[in-house]
Structure formats: structure tokens, C-alpha cells
Amino acid sequence: MNYLDNIIFVIALAVGFGYFITNVKKLKRNINLGIAVDRNDNPSVRWKNMAMIALGQSKMVKRPIAGILHIIVYVGFIIINIELLEIILDGILGTHRIFASIGALYGFLIGSFEVLALLVLVAVTIFWLRRNVIRLKRFTNPELKGFPKNDGNYILYFEMVLMTLFLVMNATDIHFQMNASGNTISQFVAPLFSGLSENSLHLIERTAWWLHILGILVFLNYLYFSKHLHILLAFPNTYFADLNPLGQFDNLGAVTKEVKLMMDPNVDPYAAPAEGEVHTKFGASDVQDLNWVQLLNAYTCTECGRCTSACPANQTGKKLSPRKIMMDTRDRLEEVGKNIDANKGVFVPDNKSLLNDYITPEELWACTSCNACVEECPVSISPLSIIMDMRRYLVMEQSAAPMSLNAMMSNVENNGAPWQYSQQDRLNWKNEM
């Protein structure tokens, strides 16, 4: 490799990783638009959850076929890209297979990588068939039309091409290797190139090498725009997940404050708000009203649809789709981020909000709050927490609860129970015993 190749390689690395870092900063900025919450309690439990769920894929295998295939792709893709270190060093230093000097261990590693590459090719082919030929129901929901549907296929094509380039690179390089014992799969690909001259083999090998590294850099930067951002965010998302039992909800700080003021005999309930005091919003109507963990959830969503396929409301034909809730939250958060970028770091009101413009009250009130979506999610996302915060806003800020719910709350307020009976009549049923 001449110096020009080295320079071009270093420039490609700088541009690729530079753009990636820019996207990471934007991602962090958008997530931090959320309300601060403390999720640093019980670190030992959090580390265990991250190890079991994000690294160990423990929730993925609840659906064995998809789970095992996903583990193959995940493990294969990560381990194979250990070779990325060798490619980077070769590109910078102008060497060729710099780690080959370690001998038999190198052959074993390359052989293992090739077997994994083949398994990844098989797995992503099955995934493609499930999406496009078998057309599983959870991949045909309305929210997966357009880019979300294409995005899943783009990633599969990326993985197919990268694994193929890896095998072609090794197959055409066998002729130039002192020891090709590690070429367990590529040795069967090599006959495809038999009869070619050394120059032709070298050209194909170099082309595959360049396309492989450039493809990885493109893939890395595509992640920000893709559902596959969970490759990176599954780890913090599972670490910072809510550790409370399913069904336990936090009290709103704003409500607690109001109740304490009502119970304080020294507070004048009719006093005008202090100068500069801002009204505290109850619940959430836009992404800035959600907490940062909920926004992290939105970016981590894998769009796998397990939540929606398990949702009893969705199964009975209701409009609610927990997957759509997360996708809408991410889309609105991206829109807010672009607004901030366009206005030099300041959000300019755009007369839009997550509620109504993205998520309708009909969707929110269809939820049974059963937590099936939370239980099903393979990366510990909670669509329910967003639904409940938006419901709180509808009830406490807009008094826009369904008629039946308003009647129930009026009964609780007047009668001390959800039923329309006075307290004196509540035990009349025992007279019939």
C-alpha cells in the first residue's frame, strides 16, 4: 500500500468516526431534553439486568426461532468486526494481515469468523423471508409502511453485503497467504476465482477490503437514522430501566406539591402566583414533558412489534399499537431536535405536539395498562409509562377523560367509591343474604 492509500484511508476513518461522534452528540442532546430522573439506585441489579438482557439476550429467546437467529446475527456481527481492528491497523500502517504473525491462533480466529459469517448470512436470509415472503403479521402493521419497513430490509442487505465481502476478501487472498488453514468457508468460495491472474485476484481482494471497511463506516453512521440504534442503546436502556414492580406508578411531583400546599394551614389558597413562577404541567403533552429515560426508550425501540402483537387492545382491533407510540415519540423528538438545530440551539414553538399531532387520545384510552408490552419488550422499553403520562395530561390539564371515567372519578369524590351509591347504602347488599 502506498502513502496515498494510507492518506485516503485515514481521511475515510476521520470522516466516518467524526460524523458518528456528531450524531452521538445530537442524540445525547435530544435525550437530555427530557425531565431529569434518578436511575442510579441498586447498581448491582442494574448491571445484572444489562448483562442478562442486553448482552445475554435473555428476553429474545422467549420466541425461540427469532431469538436464536437474532443471537447468531448479533454475536456473529460483533465478533467478526473484531477483525476491524486488524483492517484499521493495516490501513494506517500499510501492512497486510498484521496479526497473521501469531500463527495458529490467527488461523483459528479467521476460521471462526468465517463460520459465523456464513451463519449470519443464513440468519439474515431467513429474516428477509419472514419479512417479505411469509409476511408475519407484526411486520405488516400500518406504522411499518414506508421507511420503517424499508429500514429493516436495508439493514439485512447491509449485513448480507458485508459478510459476503468478508468471505470474498479471504477467498481471493488465499493465494497470497503463507498459511490458509483458517479459511474454513472461503476455501469453498475460492474456486469461483480460479483461473484469474495474480493481479486480478489482488484487485478483487483490495476492492472487497476497501468496500468492507467503507461499508462498516456507512453502517455505523446509518445507525442513528435506523431502528438498529438499539445495537448501541440497548445497554444503557436496560441499565436505566425502571426497577419497580410492573403496575407500580410514581407519584407526580407536581401533584405531591399541590397536595402539600392544600394541607398547609399557613398557605393562602387564593394567593396569586409569585412573580416569575411557572405553572407546573401535570402529565405530558410533548416530548419535553417526558423524562429522559422515556426518550432513551424511544431511540432504543427495535420496532420488532412484540409489544403490539401482545397488546390485548390491538388484538381486539383497537387503534393502539405500543410500537407506534415509541416510533411516534422518536419522530417527534427528531422533529424537535431539527427545530433546535435550525434555530441555533433554541426551540421555537411550532404549534405541534406529541399529543394529537402524533398520538391521538383514542390510542391512549384504548390501553388497558396490563403491562403486556413492557413484559414482551426484549430491551426493557416501557410504552405504558408514556401512555400514562399523556393520560394524566388529558385528565388533569384538559379534563378530557372519557365520560365513563369522569363518572367514576365523580363517584369516588362524592361517594368514596367508584359506584353510584351513597356511603349509607353501600352495605345494603348484605340484607339479601
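Trainee: How many of the 14 residues of H18 are buried?
Mentor: This is a predicted model, and every value here is computed from it. Residues count as buried when their relative accessible area is under 20%. By that cut-off H18 is mostly covered, and the buried residues include Pro 383, Ile 386, Asp 389, Arg 391 and Tyr 393. The number of buried residues in H18 is ten.

Trainee: What covers the buried residues of H18?
Mentor: The buried set also includes Leu 384, Ile 387, Met 388, Met 390 and Leu 394. The cover over these buried residues includes H11 (292-300), H14, H15 (354-357), H16 (361-366) and H17 (372-376).

Trainee: What distance should the 14 residues of H18 span, and how far apart are its end C-alpha atoms?
Mentor: Helix H18 runs over residues 383-396, and the expected span follows from 1.5 Å a residue. The span uses one less than the number of residues. The expected value and the separation of the end C-alpha atoms agree, both being 20 Å.

Trainee: At what angle do H11 and H14 pack?
Mentor: Two packed helices are described by the angle between their axes and the distance between the axes. For H11 and H14 the axes are 8 Å apart. H11 is roughly perpendicular to H14, because angles of 65 to 115 degrees are classed that way. The packing angle is about 105°.

Trainee: Which residues make the contact of H11 with H14, and how many of them are charged?
Mentor: H11 contributes Gln 294, Leu 295, Asn 297, Ala 298 and Tyr 299, and H14 contributes Met 326, Thr 329, Arg 330, Leu 333 and Glu 334. By class, this contact has five nonpolar and three polar residues, and the number of charged residues is two.

Trainee: At what angle do the axes of H1 and H14 cross?
Mentor: H1 covers residues 3-31 and H14 covers residues 322-342, and their axes come within 10 Å. The two helices are roughly perpendicular to each other. The crossing angle is roughly 110°.

Trainee: How many charged residues are in the contact of H1 with H14?
Mentor: On the H1 side the contact is made by Lys 26, Arg 29 and Asn 30, and on the H14 side by Leu 333, Glu 334, Gly 337, Ile 340 and Asp 341. Two of these residues are nonpolar and two are polar. The charged residues number four.

Trainee: How many disulfides does a search of the whole structure find?
Mentor: A disulfide needs two cysteine sulfur atoms within 2.5 Å. For Cys 301 the nearest cysteine sulfur is that of Cys 307, at 6.2 Å, and for Cys 373 it is that of Cys 367, at 6.4 Å. The number found in the whole structure is zero.

Trainee: Is Cys 301 buried or exposed?
Mentor: The cut-off for buried is under 20% relative accessible area. Cys 301 has 9% relative accessibility, so Cys 301 is buried.

Trainee: Where does Asn 371 lie, and what is its phi?
Mentor: Asn 371 lies in the loop between H16 and H17. Asn 371 is buried at a relative accessible area of 9%, and beyond its sequence neighbours up to four places away it touches Leu 246, Gly 247 and Leu 384. Its phi is positive, in a residue other than glycine, with a value near 75°.

Trainee: Is Asn 351 buried or exposed?
Mentor: Asn 351 sits in the loop between H14 and H15. Its phi is near 60°, a positive value in a residue other than glycine. With a relative accessible area of 78%, Asn 351 is exposed.

Trainee: What covers the buried residues of H9?
Mentor: Seven of the ten residues of H9 (residues 230-239) are buried, so H9 is largely enclosed by the rest of the structure. Among those buried are His 230, Leu 233, Asn 237 and Tyr 239. The cover includes H1, H2 (43-55), H3, H8 (198-222) and H11.

Trainee: Which residues is Tyr 74 in contact with, leaving aside its neighbours within four places in sequence?
Mentor: Tyr 74 is in H3 (residues 64-80), and at 16% relative accessibility it counts as buried. Its contacts are Ala 54, Leu 55, Gln 57 and Phe 235.

Key: Residues are numbered from 1 along each chain as its sequence is written. This is a predicted model: local features need pLDDT of at least 70, side-chain atom pairs count only at pLDDT 80 or more; totals for chains, interfaces and linings use all residues. Side-chain values use heavy atoms; hydrogens and water are left out. Buried means under 20% relative accessible area, exposed over 50%, partly exposed in between (1.4 Å probe, protein chains only). Axes are lines fitted to C-alpha atoms, for helices over the stretch in contact, and angles run from 0 to 180 degrees between N-to-C directions. Helices (H or I, at least four residues) and strands (E, at least two) are DSSP runs, numbered from the N terminus. Angles under 35 degrees count as roughly parallel, over 145 as roughly antiparallel, 65 to 115 as roughly perpendicular and the rest as oblique. Contact means heavy atoms within 4.5 Å. Ala, Val, Leu, Ile, Met, Phe, Trp, Tyr, Cys and Pro count as nonpolar, Asp, Glu, Lys and Arg as charged, and the others, Gly among them, as polar.
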